[in-house]
Amino acid sequence: MSTLVLDSASRWFGNVVAVNDVSLTIGPGVTGLLGPNGAGKTTLMAMMAGFLAPSAGHVTLDGKPVWRNTETYRQVGLVPERELSFGYLTGRQFVRANADLHRLPDAAAATERILDVVDMVEPAGRRLDTYSKGMRQRVKIAAALVHDPAVLLLDEPFNGVDPRQRMHLMDLLRRLGDEGRTVLFSSHILEEVERLARHIEVVVSGRHAASGDFGAIRRLMTDRPVRYAIASSADRTLAAALMAEESVRAVSLRTDGLDVEVGDLGSFAASLPALARRHDVTLFELSPSDESLESVFAYLVAR
Amino acid sequence: MNGTIAKLALQALLGRRRFYLLLAFPALLIGLVALVTALVDGDAAYAILPNLGYPLLLPLVAILAASSVLGPEIDDGSIVYLLSKPVNRHAVATSKWVVALGATLVAGALPILVATSMTGDSTRAAALFVASAVAGTAYSALFLAISSVNRHAVIASLTFVLIWEGLLGNLFSGVAWLSISQWGLRVGHAISDELPDPANLPWAIGASVVVTAVGVWFAGDRLRSFSLRGED
């Protein structure tokens, strides 16, 4: 059981702030680090893995700083986003090298055991540069797990992995979390995170935007005001009717339709068709105008 | 020193295309010396070695070897796979240096010994070999240190060899005091008078040892502070 703590950690590069005053506690179980691309997830991960000094604040594992502390790696397994460039090694040789670097008493047995865990025994004799993305990802995880670490850090582990292998990886990580390990993975895809993580930390633009179990985060995200563009047979009539609805927060008319800002998505969706029929309005088009993940995150930050 | 790191470094060295370049240089040198020995009378073939083999081939081989064992891994960040382990960073640097040194000796100093021997006189061959071994030791440490800090390590190292040691070294005799190639020659001079006598012997030995030790230590220290940055 290990706990990773960031205490007011910041990191800047020149005058660009990548991580801004983030305080987090990552304990046993699976935690998802969610944020759009460029939010500072990789920078955060690098600081937690001891591969980046915080410009301010502290990053500690069980009370000990991780920067310039190589002993940390006895407890930590790291799966970087970086591609393996050891293409001239076989999967088995690569995992074995990791086991040897940890000076495991029985490196050969540990290698076979972990190859079995990630289901890579059969292709382990092939060179890494013949592997698919998903296989390389699994070998990377095997290499990070070979010394049975209490903490596993994974940076965008599902990027470019096909759906079937993704399922397999998720099962594996869930199992590791259930075993009481501290598993932290980053992702920019909400669905990915909520399928796997019980606890979610959200970072946006280098700031810690939200923290909680996936239900709470999901509610925050779906309950946010959403904007829709509507085209109908009688825009002004519809606008007046919509304004009377509890779920609608704002309506504005355009020349070719209207924009609606909705507070409660569920009741809006349920009431719109009936409302249109009551006022004898035909709906031609209803489309969300800000469904992008960035707008979801922007809302969380502005909240 | 860490056997696994050294093994991986050797595999990295042999597994890359640069390896063929590393083979081509000594082959060219020996071929050239063999050709000139066969075609030209007198000692013309020997002149190739102190003028081309020693001051150019040896540092080039050292640059290739030192940058191959460290440079690419730092450039593409894959060195995190080695560094996310409870392994002393100085042991990592030392292991990589040993491999680079081995390659420099095999592909640099040894061919110089072979080529010099082909021109007769085994004493001066031994002297030039010792000079190459001394310089190769210091070169590989220096270039490893440069590879640990500079993305353009090959260019920076070449600049040192060509501009500082080559161009300025020929213009100003004082540069000999701060030139790895001259230190090597001075040590070789102790064996055969045919090698020049720049600087003095204790200085040449001391300076080579210091550059080697500081170079390897520095590379290890940079690895302790190795930072992983995002793609952006």
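## A tour of the chain contact, the sheet and the cores

Start by selecting the contact between the two chains of this predicted model, to which chain B contributes 24 residues and chain A contributes 25 residues. On the side of chain B that touches chain A, the elements giving two or more residues are helix H1 (3-15) and helix H4 (80-83) of chain B, and H1(B) supplies the largest share, 4 residues. Colouring that side of chain B by residue class should show 9 nonpolar, 10 polar and 5 charged residues.

Next, turn to chain A and select its open sheet of 4 strands, which pair antiparallel in the order E12-E13-E11-E14. The edges are formed by strand E12 (248-254) and strand E14 (283-288) of chain A, each of which pairs on one side only, and neighbouring strands are turned against each other by 20 degrees on average, direction ignored. Within this sheet, strand E11 (residues 226-232) and strand E13 (residues 257-262) of chain A run antiparallel and are joined by 5 bridges; Ala229(A), for instance, has Asp259(A) in E13(A) as its bridge partner. Add helix H8 (residues 235-243) of chain A, which packs on the sheet and touches E11, E12 and E13 of chain A, its direction making about 165 degrees with that of E12(A).

Finally, select the largest nonpolar core, of 146 residues, in which the members touching the most others are Ala142(A), Leu153(A), Ala65(B), Ala131(B) and Leu144(B). Centre on Leu153(A), whose contacts, leaving aside neighbours within four places in sequence, are Met45(A), Met48(A), Ala49(A), Val76(A), Leu78(A), Val79(A) and Leu184(A). Apart from that largest core lies another, of 13 residues, including Leu238(A), Ala239(A), Val260(A) and Ala276(A).

Methods
Residues numbered from 1 in each chain as written. Chains lettered and ligands numbered in written order. Predicted model: local features only at pLDDT ≥ 70, side-chain atom pairs only at ≥ 80, totals over all residues. Core = buried A, V, L, I, M, F, W, Y, C linked by C-beta atoms within 7 Å. Buried ≥ 20, exposed ≤ 12 C-beta atoms within 10 Å, placed from the backbone. Contact = placed C-beta atoms within 7 Å. Nonpolar A, V, L, I, M, F, W, Y, C, P; charged D, E, K, R; others polar. Pairing = 2+ DSSP bridges. Axes fitted to C-alpha atoms, helices over the stretch in contact; angles between N-to-C directions.
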